[in-house]
Amino acid sequence: MTELVVRRLLIDLETPVRRHWCGGDAFRSAFFNALSMSFPVGEQFFIDSVRNGLKALPPAQQAAFQDEVQGFIGQEATHRRIHGLFNAHLEKQGLRNDWEARARDRLKLMEGLDPRHGLAITAANEHFTALFAEWMLRHTAWLDDTEPRLKTMWLWHSAEESEHKNTAFDLYKALGGSEAWRLKWMRRVTFIFLTDTLRQTVNNLRRDGTLLKWSTWTSAARFLLGQNGMLRVSYRPWRAWFQADFHPSQQHSTLSENWLRDNQAAYTRVGQPA
Ligand SMILES: [Fe+2]
Ligand SMILES: [Fe+2]
């Protein structure tokens with residue numbers, strides 16, 4: 001079991017956010033904004049899936065997962081809240097979150113299904129967040145020239161994603177989730193996640209008036225496919241999911257531990273004095 005600490009982030013989210021807050025770069029800002037827009041609805045779904053998964057376990061096994069699930073829910077609930085505050089600034093900039101409505105429609109199809117489906121979808125998404133988190137913590141230069149409060153927000157979220165990457169996966173396994181569905185849901189989640197990210201990023205750029213600028217697309221190419229680029233670096237760890245003996249803990253989380261240790265001034269532990 002992983003011990004998960006719930007942290008309250010000590011950053012100012014009242015001061016307005018610049019349009020190109022990520023290093024003055026239109027593409028990177030639009031891309032991270034798209035991810036942020038998916039979090040309130042997505043992370044609520046992860047919370048519900050993990051909670052339902054816990055309830056479906058026999059009582060003896062529930063006890064073993066209780067604390068970890070509590071920590072997972074606390075962390076994701078905090079992420080939702082913080083990104084909700086951040087997203088409110090995006091709305092004021094004139095950006096529109098279309099991802100959320102699409103996700104809500106899709107989630108209706110999940111009602112009444114075996115809780116292992118929700119868990120497999122959550123575990124697949126958590127694999128994405130964990131490998132992006134690892135990439136972000138390793139290549140923080142992509143956040144250079146970003147206001148410290150926003151840099152802290154993204155790195156804190158990354159560190160906690162890395163920290164709780166086992167929870168949904170372990171619950172899925174504890175409930176006897178099959179390998180076939182684990183792989184099937186990853187293929188579907190990958191398609192949906194990438195197309196939704198692309199659609200929302202393009203939508204953000206269009207509203208920002210920077211969609212057709214040459215500099216936007218050179219930045220996109222560099223950021224996604226260049227040296228230390230997000231997709232380029234993440235492809236291999238993503239593919240590891242398809243190995244028969246895969247477990248999220250095989251992908252190390254030292255960078256997350258280091259960040260949480262070195263940035264204790266940025267948060268308080270919930271339920272404990274600073
Ligand atoms: Fe999260
Ligand atoms: Fe997560």
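In this predicted model, the iron ion (ligand 2) and the iron ion (ligand 1) are 3.8 Å apart, with E76 coordinating both. E126, a donor of ligand 2, lies in helix α4 (residues 115-138), while H164 lies in the loop between α5 (148-163) and α6 (167-174), so this pair ties together parts that are 38 residues apart in sequence.

The iron ion (ligand 2) is coordinated by OE atoms of E76, E126 and E161 and by NE2 of H164, at 2.0 to 2.8 Å. E126 and E161 are each listed twice among these donors. The angles among the six donor atoms run from 51 to 149 degrees, and the site is irregular. A count of six as octahedral would require opposite donors over 155 degrees apart, so the upper value of 149 degrees does not reach that cut-off. Along the chain, the donors of ligand 2 follow the spacing E-x49-E-x34-E-x2-H.

The iron ion (ligand 1) has as protein donors E43 (OE), E76 (OE), H79 (ND1), H157 (NE2) and E161 (OE), which lie 1.9 to 2.3 Å from the ion. Their spacing along the chain is E-x32-E-x2-H-x77-H-x3-E. E43 is placed in helix α1 (residues 26-56) and E161 in helix α5, so these two donors tie together parts that are 118 residues apart in sequence. E161 also appears among the donors of ligand 2.

Accessibility was computed for several of these donors and for two loop residues, D145 and N228, as tabulated here.

| Residue | Relative accessible area | Class |
|---|---|---|
| E43 | 2% | buried |
| E126 | 2% | buried |
| E161 | 3% | buried |
| H164 | 0% | buried |
| D145 | 67% | exposed |
| N228 | 35% | partly exposed |

Buried means under 20% relative accessible area, so E43 at 2% falls in that class, as does H164 at 0%.

The two loop residues have notable backbone angles. D145, in the loop between α4 and α5, has a phi near 60 degrees, a positive value in a residue other than glycine. N228 is likewise not a glycine, and its phi is positive at about 65 degrees. The loop that holds N228 runs between α8 (214-225) and α9 (230-239). With respect to solvent, D145 is exposed at 67%, whereas N228 is partly exposed at 35%.

Note on methods:
Residues numbered from 1 in each chain as written. Chains lettered and ligands numbered in written order. Predicted model: local features only at pLDDT ≥ 70, side-chain atom pairs only at ≥ 80, totals over all residues. Heavy atoms only, no water. Donors = N, O, S within 2.8 Å, 3.2 Å for Na, K, Ca; no water. Tetrahedral: all angles 85-135°; square planar, octahedral: opposite > 155°, others 65-115°. Helix = DSSP H or I, 4+ residues; strand = E, 2+ residues; numbered from the N terminus. Buried < 20%, exposed > 50% of the residue type's maximum accessible area, 1.4 Å probe, protein only.
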